[in-house]
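Subject: Handing over the structure

Hi there,

Here is the structure I promised to pass on to you. Have a look at it, and then read on for what turned up.

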Amino acid sequence: IHLLPALPSCWRDGRASGLRARGGFTVAMDWSAGKLVRATISASLTGVCTLRDADPEWKITDEAGNLVETRSPRKGLMEFNVAANSIYHILSN
């Protein structure tokens, strides 16, 4: 999932929800000054979620508020395991 891949400069602040991504994900996100503030990823399947252009400062938690373990297979990617019918929150520091 590439969050805010091509945000137009006239949309400096905003919000989007109900975005569908490959792998059974639904995404909602808020941004300010052209940067991600927070996102919510709902997983409908068990598997791995990969975030592209991932900021190493992002904090990912599950719906109970527990920190989710992430890995970085290469620069610009962040992966984490997801469970079916679960929600994950991404917060920018």
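A good place to begin is Asp 30, which is buried because its relative accessible area is 14% (buried means under 20% relative accessible area, exposed over 50% and partly exposed in between, with a 1.4 Å probe and protein chains only). Before going further, please keep in mind that this is a predicted model, in which local features need pLDDT of at least 70 and side-chain atom pairs count only at pLDDT 80 or more, while totals for chains, interfaces and linings use all residues. Residues are numbered from 1 along each chain as its sequence is written, and side-chain values use heavy atoms, with hydrogens and water left out.

**Salt bridges**

What does Asp 30 pair with? One partner is Arg 15, in a salt bridge whose closest N and O atoms are 2.7 Å apart (a salt bridge is a side-chain nitrogen of Lys or Arg within 4 Å of a carboxyl oxygen of Asp or Glu). Arg 15 belongs to strand S1 and Asp 30 to strand S2, so this pair ties together parts that are 15 residues apart in sequence. (Strands are DSSP runs of E with at least two residues, numbered from the N terminus.) Unlike the buried Asp 30, Arg 15 is exposed, with a relative accessible area of 66%.

Asp 30 also meets the side chain of Arg 38 in a salt bridge, at 2.9 Å from N to O. Arg 38 counts as partly exposed because its relative accessible area is 41%. Arg 15, Asp 30 and Arg 38 are thus linked in a network of salt bridges. As general background, side chains of opposite charge can pair when their charged atoms come close.

The structure holds three salt bridges. Another of them joins Arg 71 to Glu 79, with the closest N and O atoms 3.5 Å apart. Arg 71 is partly exposed, at 35% relative accessible area.

**The sheet**

Now for the strands. Five of them form an open sheet in the order S1-S2-S3-S7-S5, and the pairing is antiparallel (two strands pair if DSSP finds at least two bridges between them). Strand S1 (14–21) and strand S5 (59–62) stand at the edges with a single partner strand each, so one side of each is left without a neighbour in the sheet. From one strand to the next, the twist averages 15 degrees (axes are lines fitted to C-alpha atoms, and angles run from 0 to 180 degrees between N-to-C directions).

S1 and S2 run antiparallel and are joined by six bridges; Leu 19 has Val 27 in S2 as its bridge partner. These two strands form a hairpin with three residues between them, and Gly 23 in the turn has a positive phi of about 95 degrees.

Strand S2 (residues 25–32) is joined to strand S3 (residues 35–43) by eight bridges, again antiparallel. Here Ser 32 stands opposite Lys 35 in S3. The hairpin of S2 and S3 has two residues between the strands, and Ala 33 is found in that loop. Ala 33 has a positive phi of about 55 degrees although it is not a glycine, and at 41% relative accessibility it is partly exposed.

Leu 4, in the segment before S1, likewise has a positive phi of about 55 degrees without being a glycine. Leu 4 counts as buried because its relative accessibility is 18%.

**The core**

Which residues touch the most other members of the largest nonpolar core? Of its 22 residues, they are Leu 3, Leu 36, Leu 51, Ile 60, Phe 80 and Ile 90. (A nonpolar core is a set of buried Ala, Val, Leu, Ile, Met, Phe, Trp, Tyr and Cys residues joined through side-chain atoms within 4.5 Å.) The elements that give two or more residues to this core are S2, S3, strand S4 (47–52), strand S6 (77–82) and S7.

Leaving aside neighbours within four places in sequence, Leu 36 is in contact with residues including Leu 3, Leu 4, Asp 30 and Ile 90 (contact means heavy atoms within 4.5 Å).

**Cysteines**

Lastly, a search of the whole structure finds zero disulfides (a disulfide is a pair of cysteine sulfur atoms within 2.5 Å). Cys 10 is exposed at 64% relative accessibility, whereas Cys 49 is buried at 0%.

Enjoy exploring!

Best wishes

Key: Helix = DSSP H or I, 4+ residues; strand = E, 2+ residues; numbered from the N terminus.
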